[in-house]
Amino acid sequence: MARSNFNIGVVGFGPKGFYGFERLIATLHEQPEIPNVTIHLFNESEAFATGWVYDINQPDYLLMNYPNKYISLNPISSPDPILPICSFSEWRSKETGNSVAFEDIQIAPRKDVGLYLSHYFKQICSLSNSNIAVEKHVAKVEFIEEKDSNYLLHTKNKLLENIAFDALLITTGHSPAISSKLQSAEADEFTIPFVYPFTEKLKHIQSQSSVAIKGIGLTAIDTILGMTEGRSGYFKAINTNQLTYLKSGLEPKVILPFSRSAVPIIPRGMHTTKLKQTSFYFKKFVERCKQDNLQFNFESEVLPVIKQDITASFYHILFELNNFEFDPNLSYAQFQQVVTDFHNHFPEIEKFTAEDLLFPKLNITKGQHHAVKSYWQFWLKENQKDKSPFVAAATTWRFLSDDFNYLYSQDLLTRDSKKCFQQTYFGLFNRVSYGPPLINIAKMIALADAEILDFSFSRSPSIEQKTKYATLSLPNKKTEIDYLVDARLPRGFSNNSSTLFNSSTANLFSFEKKSENYNELKCTRHGHPINSSGALVKSIVLYGTPTEETLFDNDTLSRKHNDTATQWAKNTVAKLINTNNCITF
């Protein structure tokens with residue numbers, strides 16, 4: 001008789017999990033006859049298809065960091081989805097009554113993207129073939145056990161004993177699911193190791209307290225807004241370019257962000273959407289790499305070419321603004337001579353190097369706090385210009401990332417330099433090219449003016465915990481803090497704790513050690529984990545964040561970048577059809 005059911009699991013059901021689910025449903029519907037199949041969706045909360053990033057219950061002030069025109073659930077691969085899917089702008093246009101062109105250039109609240117995701121998740125579930133059962137589990141999967149060529153899933157305090165899974169897609173993303181249990185155990189009333197969801201994690205922070213925040217990036221900005229605007233504070237426009245903050249009295253007395261470099265994230269304005277790639281030195285370099293198939297050192301061989309495009313992007317706009325004619329197809333050596341000629345002709349214009357963008361030296365003449373605030377004010381001003389050489393330079397990495405992913409995923413970086421990129425340049429390029437909308441930085445400046453946000457301790461302070469408080473210290477000063485918040489997204493997996501991936505008895509996964517504190521998962525370019533014996537695990541595929549040791553630029557909403565789910569869906573359906581055709585007597 002034919003097997004009565006086939007069980008498929010999707011572990012982690014944010015946007016990536018939803019994308020994998022959609023590909024699976026579409027592929028099943030291609031079949032002339034669909035056998036009985038059950039798709040089990042595992043998520044730690046009720047926020048299926050959205051995850052905590054796009055939770056529909058979050059406040060409106062938590063915004064996307066790019067315009068609506070770049071958001072679409074439409075797959076780029078076959079088969080077609082089982083129903084027509086609008087782009088986000090088209091969908092929002094129907095909701096708001098605004099034109100699609102208007103919606104394209106807006107920056108939406110993240111919860112609106114969540115509503116878009118939820119809408120199509122519900123539609124796909126309702127239109128699926130009756131032989132496809134979908135079961136949602138609000139549970140954290142902590143261990144996967146291999147048994148008789150299938151898999152058993154252990155959730156917290158429970159084993160799903162009666163379900164043998166034939167195929168798994170793991171899309172746990174940036175969430176507490178990938179942070180260590182050891183880190184979570186260390187959380188107390190003073191220390192908050194992970195900030196999402198705000199309503200739960202930040203609720204015990206008392207008003208008029210002193211809060212230190214580790215990080216000056218997107219998550220830190222969300223956290224700061226959660227403790228101010230999220231506590232009934234109010235931003236009021238003074239003019240088109242400036243806000244003031246009206247205190248509620250419920251926010252902390254002072255918020256002290258800090259990082260290793262103290263250089264904050266660069267905001268992105270609407271004009272960045274009009275920019276096009278004009279420099280192609282790195283693209284040509286990668287094309288040559290495809291022929292040679294050699295490994296390269298990132299800092300000594302790859303980064304210098306990236307800097308060439310950054311520098312050229314800056315000068316292309318600068319030349320245009322000054323009506324200075326040039327040939328964009330010159331070799332870089334010839335281009336450098338053109339730059340020299342330009343500065344000889346315009347000696348009053350300061351020279352630019354890529355180092356100025358990547359490793360800026362903040363002007364601390366008036367103190368660290370003023371330096372950070374002035375840095376943001378500079379970038380707000382540049383982003384408000386129709387054409388800015390600085391904005392063009394900061395945007396460059398977004399044009400190069402696909403070509404860089406080829407080097408990264410084809411293992412064309414030496415092992416040590418790949419580690420160097422992950423630890424230093426991954427975050428650096430995110431800081432430069434993937435920043436928040438201008439309004440959020442205007443809010444940060446208003447909070448600084450209101451003397452709530454203080455950057456005086458922003459450069460690598462030391463922290464010493466006392467019995468009821470802690471001190472934040474620099475060589476020449478110190479201050480007491482009531483809370484320490486880690487407002488960074490976790491990367492990698494703890495070396496010392498038992499999580500889904502690194503339980504000592506799992507053996508389904510193996511790791512590349514990155515430091516004393518964390519590992520990265522080993523997998524193929526198609527997302528298959530490499531087990532502890534070095535073999536490929538065919539019936540499990542990783543998608544998104546868990547693949548970051550092998551695949552670069554796993555943007556949460558992208559259906560193009562590193563799509564391991566489409567082939568997983570095709571392989572899984574092929575296995576289902578084959579299994580269903582096997583007769584047992």
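A salt bridge is taken here as a side-chain nitrogen of Lys or Arg within 4 Å of a carboxyl oxygen of Asp or Glu. In this predicted model, Lys283 and Asp403 satisfy that description, with their closest N and O atoms 3.0 Å apart. Lys283 belongs to helix 8 and Asp403 to helix 13 (residues 389-409), so the pair ties together parts that are 120 residues apart in sequence. The two partners differ in their surroundings: Lys283 is partly exposed, at a relative accessible area of 32%, whereas Asp403, at 10%, counts as buried.

Helix 13 also supplies Asp402, whose side chain meets that of Lys560 in a salt bridge (3.3 Å, N to O). Here too the pair links distant parts of the chain, since Lys560 sits in the loop between strand 20 and helix 16, 158 residues from Asp402. With a relative accessible area of 38%, Asp402 is partly exposed.

A further salt bridge joins the side chains of Arg23 and Glu22, at 2.8 Å from N to O. Arg23 and Glu22 are both buried. Together with Arg559, these two residues are linked in a network of salt bridges. The structure as a whole holds 16 salt bridges. As a general point, side chains of opposite charge can pair when their charged atoms come close.

Lys283 leads on to the packing of helix 8. The axes of helix 8 (residues 281-292) and helix 9 (residues 298-321) come within 8 Å of each other and cross at roughly 150°. Because angles over 145 degrees count as roughly antiparallel, helix 8 is roughly antiparallel to helix 9. On the helix 8 side, the contact is made by Tyr281, Phe282, Lys283 and Phe285. Their counterparts in helix 9 are Glu301, Val302, Val305, Ile306, Gln308, Asp309 and Ala312. By type, the residues of this contact divide into seven nonpolar, one polar and three charged. Lys283 thus appears twice in this account, in the contact with helix 9 and in the salt bridge with Asp403.

The backbone has some features worth a visit. Most residues other than glycine have a negative phi, and most peptide bonds are trans. Against that background, the peptide bond from Ser78 to Pro79 is cis, with omega near 0°. Pro79 lies in the loop that runs between strand 2 (37-43) and helix 2 (88-96).

Positive phi values occur at Ser149 and Asn562. For Ser149, which is not a glycine, phi is about 70°. This serine is found in the loop between strand 4 (141-147) and strand 5 (150-155), where Ser149 is exposed, with a relative accessible area of 60%. Asn562, likewise a residue other than glycine, has a positive phi near 50°. Its place is the loop between strand 20 (540-542) and helix 16 (565-581), the loop that also holds Lys560. In contrast to the exposed Ser149, Asn562 is buried, at a relative accessible area of 12%.

Turning to the cysteines, a search of the whole structure finds zero disulfides. Cys125 is in no disulfide, and the nearest cysteine sulfur, that of Cys86, is 18 Å away. Since a disulfide calls for sulfur atoms within 2.5 Å, that distance leaves Cys125 unpaired. Cys125 counts as partly exposed at 28% relative accessibility, while Cys523 is buried, with a relative accessible area of 9%.

Two other loop residues deserve a closer look. Ser539 lies in the loop between strand 19 (518-521) and strand 20, and is buried, with a relative accessible area of 17%. Leaving aside residues up to four places away in sequence, Ser539 touches Tyr151, Asp166, Ala167, Leu168 and Lys575.

Asp482 is found in the loop between strand 15 (477-481) and strand 16 (483-486), and counts as partly exposed, at 33% relative accessibility. With residues up to four places away in sequence again set aside, Asp482 touches Phe190, Ser209 and Ser210. Asp482 and Tyr196 are 286 residues apart in sequence, and their C-alpha atoms are 20 Å apart in space.

Terms used
Residues numbered from 1 in each chain as written. Predicted model: local features only at pLDDT ≥ 70, side-chain atom pairs only at ≥ 80, totals over all residues. Heavy atoms only, no water. Axes fitted to C-alpha atoms, helices over the stretch in contact; angles between N-to-C directions. Helix = DSSP H or I, 4+ residues; strand = E, 2+ residues; numbered from the N terminus. Parallel < 35°, antiparallel > 145°, perpendicular 65-115°, else oblique. Contact = heavy atoms within 4.5 Å. Nonpolar A, V, L, I, M, F, W, Y, C, P; charged D, E, K, R; others polar. Buried < 20%, exposed > 50% of the residue type's maximum accessible area, 1.4 Å probe, protein only.
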